[in-house]
Amino acid sequence: MILAGGRIYPTDEQSHILETLEETICQTRMNETLDTETVIDAIDVLGRRVAAGEFDALIGSLDLGKAAEEMLASVKLLSRGYLEKKVVTELGTQFFVPAHNEAAFGLPGIEIRPVPLGTLFHIAAGNLDFLPAYTGVEGLLTGNVNILKLPQADSGVTILALQKLVEIQPKLSPFIYVFDTPSDDLVTMKRLAAMADGIVVWGGEAAVAAARSLAPVGAKLIEWGHRLSFAYLSGDWQRKTDDLTALAAHIVKTGQTLCSSCQVIYLDTEEMDEIRTFCNAFLPYLEAARRKYPINDIGAAAEMTLQRYSAELESYLTGKRQAEQNIYRGFQCSLTACEDSELALSDLFGRLAVKRLPYDSILPVLRRQKGCLQTAGLLCDEEDRAQLTDRLIRSGVNRVTSVGHMSATFVGESHDGEYPLRRYVRMANVEEQI
Amino acid sequence: MNTTSRLFRWKYPYDTAGTNALFLRAVRENCRYQYEHNARYRAILDGRGFSPAMLRTYEDIAKLPFLPTLVFKRHQMYSVPSWKMPVTATSSGTGGQFSQIGFSCGDLLNGLHMVLKVVNRRKLFSACPCNYVVFGYKPHKSNHTAVTKTAFGATLFTPQLHRTYALRYTDGKYIPDLEGVIRAILQYARSRFPLRFMGFPSYTYFTMRMLDERGIYLRLPKGSKIMLGGGWKQFYREAVDKAAFYALAKKVFGLDDRNIVEFFGAVEHPILYCDCPRHHFHVPVYSRVIIRDVNTLEPLPNGQIGLVNLISPMVKATPILSVMTDDLGVLHDGASCGCGIPSPYLEIIGRVGLKDIKTCAAGAADILKEAGASV
């Protein structure tokens with residue numbers, strides 16, 4: 001399905017729509033301005049209608065399963081308060097009101113006129129059902145014309161949400177276009193990219209690399225890549241049973257598939273014995289969390305069991321029995337006591353590594369993952385918190401949270417260390433005429 | 001005659017209850033052979049603390065370490081020198097990796113006895129010549145897949161007039177040509193000789209749907225049959241239930257479900273499962289099925305869904321004595337079928353794997369794809 005000019009079209013209308021798209025967008029950019037307040041008003045109305053259950057039946061019909069829960073949780077991001085706070089945090093107040101720099105230092109003065117980047121081409125990832133619509137909304141909040149390419153796994157919720165938004169505020173319609181072009185349709189992808197001043201790409205290395213190859217010289221690339229997160233435990237972790245319970249719940253509930261999911265548990269120690277002690281102590285927490293939130297999909301559970309069994313047989317064939325003995329196994333979960341300190345992706349779904357990372361090694365080790373770091377869940381003695389937080393941030397970590405809140409959303413938080421809205425605008429300067 | 005040969009020459013192919021003792025002896029012999037001639041197999045059994053001598057009772061077969069198909073994809077596991085294996089076959093390699101299984105002359109002879117017995121019971125052998133449409137790969141020297149060999153083999157059940165293949169080898173790869181198949185079907189339908197289809201249910205179904213959409217309804221010559229094998233593979237999302245499939249076959253070809261036969265097998269378990277008149281896969285004497293719990297791998301009673309572990313002493317050249325498939329299935333009591341065959345029957349429910357997982361953790365998408373998820 002395609003959304004263009006506020007109307008839904010079948011996919012086979014694509015080439016027809018593309019023929020006139022550039023011209024239509026040019027007309028919009030010449031003649032129309034979208035202000036942040038109009039966008040917030042419309043989203044707020046939509047958010048309230050969703051919260052009131054107006055679209056429950058529709059959301060139900062999309063077969064979103066667990067995603068429906070996620071959707072409803074996302075509704076709070078649609079509130080006026082949240083959006084206003086986001087805009088103020090990222091852009092300050094009165095951002096789009098032109099400012100003036102008086103003539104000084106023998107130089108003439110200028111008008112500083114913040115404006116939208118122009119046309120944004122969003123290549124959205126499917127990791128959250130809500131994400132494609134959300135990236136589009138960020139583009140609208142900054143007054144851009146947005147061309148959105150849906151991920152293949154899109155549940156249909158994006159077009160639905162944006163169509164409702166345009167219904168509520170028809171002024172938005174010339175600013176939003178949604179296509180379900182598959183990523184491997186390079187001809188169309190290039191045509192869409194050619195219309196863009198900025199290409200916003202979400203996804204893993206492959207998606208980012210593909211976007212780079214599509215981007216015409218002159219288009220700004222805005223990359224929201226995949227990240228890794230970890231928990232850092234220092235001091236007397238043994239008595240912090242509530243935190244360990246919360247960490248286990250986080251690991252199991254996110255399936256370790258989010259950027260903010262814990263992939264490795266680091267202990268502030270040089271001793272392997274402490275790592276083993278931790279594995280023995282933490283496994284019951286992880287198992288309890290898993291029993292509370294089991295993998296009910298029989299195919300997924302079978303896959304994990306087979307992987308585990310195959311790894312065991314593999315260890316007999318390769319003679320690497322030692323590695324196998326460092327694995328602490330529980331029901332649908334495991335901990336591996338590792339000798340190294342590298343931050344690396346876990347085996348996912350409740351299976352993760354426990355490693356040593358003494359305070360002095362934090363920066364040299366984490367630096368090796370620069371560009372990939374996201375959240376550190378910190379569990380430590382209160383008197384050490386400030387110092388540890390500082391060291392983690394200096395190492396490149398962008399979020400420091402408690403271990404149970406690694407994947408929580410916070411008011412006005414940055415995205416991987418940046419404010420997206422700032423990347424979707426430019427600052428024009430106009431010489432002041434005396 | 002050795003024990004395995006006796007098993008493969010057993011008169012009634014569904015007498016599993018009557019062959020349990022013989023089956024155990026054949027398994028023990030095969031296990032001992034593999035243990036003594038295959039260092040990798042021995043390493044696995046030693047690692048699991050199992051020795052062939054521990055196969056004392058029929059129930060002990062469940063304790064025998066089973067090898068997941070992944071092991072055959074990662075390691076060459078032959079137990080005899082290559083000159084003693086006139087045939088090697090591979091799995092289809094969905095996902096890039098494929099198992100390589102070798103067969104000795106004795107293995108192939110066992111297989112031949114089995115095929116004759118099973119196919120004969122379904123009355124698929126005939127002296128009347130037939131035209132064949134193969135919904136599978138046209139044989140090519142670069143193609144070693146078992147599914148190609150067995151589809152070709154099925155065209156030998158009768159004398160053949162013509163063979164038309166749905167997947168043709170062109171410029172180094174296989175291209176589906178369903179239009180060509182439809183032209184052939186229209187031509188063969190006018191023949192006075194029966195038309196037989198053999199191959200993937202997916203392509204068979206897609207072709208029938210194309211005919212239906214075009215309003216082409218045929219009455220195929222008497223004796224025509226649809227033989228299916230190879231599963232839905234990458235088209236599992238389009239899989240339809242059997243009743244819908246049979247209804248469409250009746251509509252476009254005028255064929256009753258009596259004339260539709262389905263086979264099940266795998267290169268790692270090359271036992272010919274052939275459906276009964278009620279379209280159930282009863283376990284033949286050459287094979288045993290253990291359904292295992294998806295978390296604990298312990299055997300489950302009949303009627304419960306789990307991982308499908310297949311056991312057969314047929315092959316000596318490769319240790320595929322007890323293999324764990326990627327299938328999820330249920331074993332039902334034979335009597336619940338009602339066709340009269342006493343042995344239990346296997347129903348395949350799905351495949352293992354992570355489905356539709358979404359991720360933004362760096363590098364996770366690659367791992368998930370390997371595990372069969374669509375990300």
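Two residues are said to be in contact when their C-beta atoms, placed from the backbone, lie within 7 Å, and this idea of contact will guide the reading of the structure above, which is a predicted model.

A good place to apply it is a pair of helices in chain A, namely H10, which covers residues 241–254, and H11, which covers residues 272–292. On the side of H10(A), the residues that meet H11(A) are A:Leu244, A:Thr245, A:Ala248, A:Ala249, A:Ile251 and A:Val252, while H11(A) contributes A:Phe282, A:Tyr285, A:Leu286, A:Ala288, A:Ala289 and A:Arg290. When the residues of this contact are sorted by class, 10 are nonpolar, one is polar and one is charged.

The way in which the two helices are arranged can be described as well, for their axes come within 8 Å and cross at roughly 50°. Because of that angle, H10(A) counts as oblique to H11(A), and the crossing in which H10(A) passes H11(A) is right-handed.

Stepping back to the whole of chain A, one finds it divided into domain 1, made up of 2–226 + 416–431, and domain 2, which spans 228–405. The centres of these two domains of chain A, taken over C-alpha atoms, are separated by 35 Å.

Finally, chain A also touches chain B, and here 34 residues of chain A are in contact with 35 residues of chain B. Within the side of chain A that touches chain B, the element that gives the most is helix H12 (residues 298–318) of chain A, with 13 residues. By class, that side of chain A holds 19 nonpolar, 12 polar and three charged residues.

Conventions:
Residues are numbered from 1 along each chain as its sequence is written. Chains are lettered from A and ligands numbered from 1 in the order in which they are written. This is a predicted model: local features need pLDDT of at least 70, side-chain atom pairs count only at pLDDT 80 or more; totals for chains, interfaces and linings use all residues. Axes are lines fitted to C-alpha atoms, for helices over the stretch in contact, and angles run from 0 to 180 degrees between N-to-C directions. Helices (H or I, at least four residues) and strands (E, at least two) are DSSP runs, numbered from the N terminus. Angles under 35 degrees count as roughly parallel, over 145 as roughly antiparallel, 65 to 115 as roughly perpendicular and the rest as oblique. A crossing is left-handed if the near helix is turned anticlockwise from the far one by less than a right angle, and right-handed if clockwise. Ala, Val, Leu, Ile, Met, Phe, Trp, Tyr, Cys and Pro count as nonpolar, Asp, Glu, Lys and Arg as charged, and the others, Gly among them, as polar. Domain bounds come from an automatic or database domain assignment.
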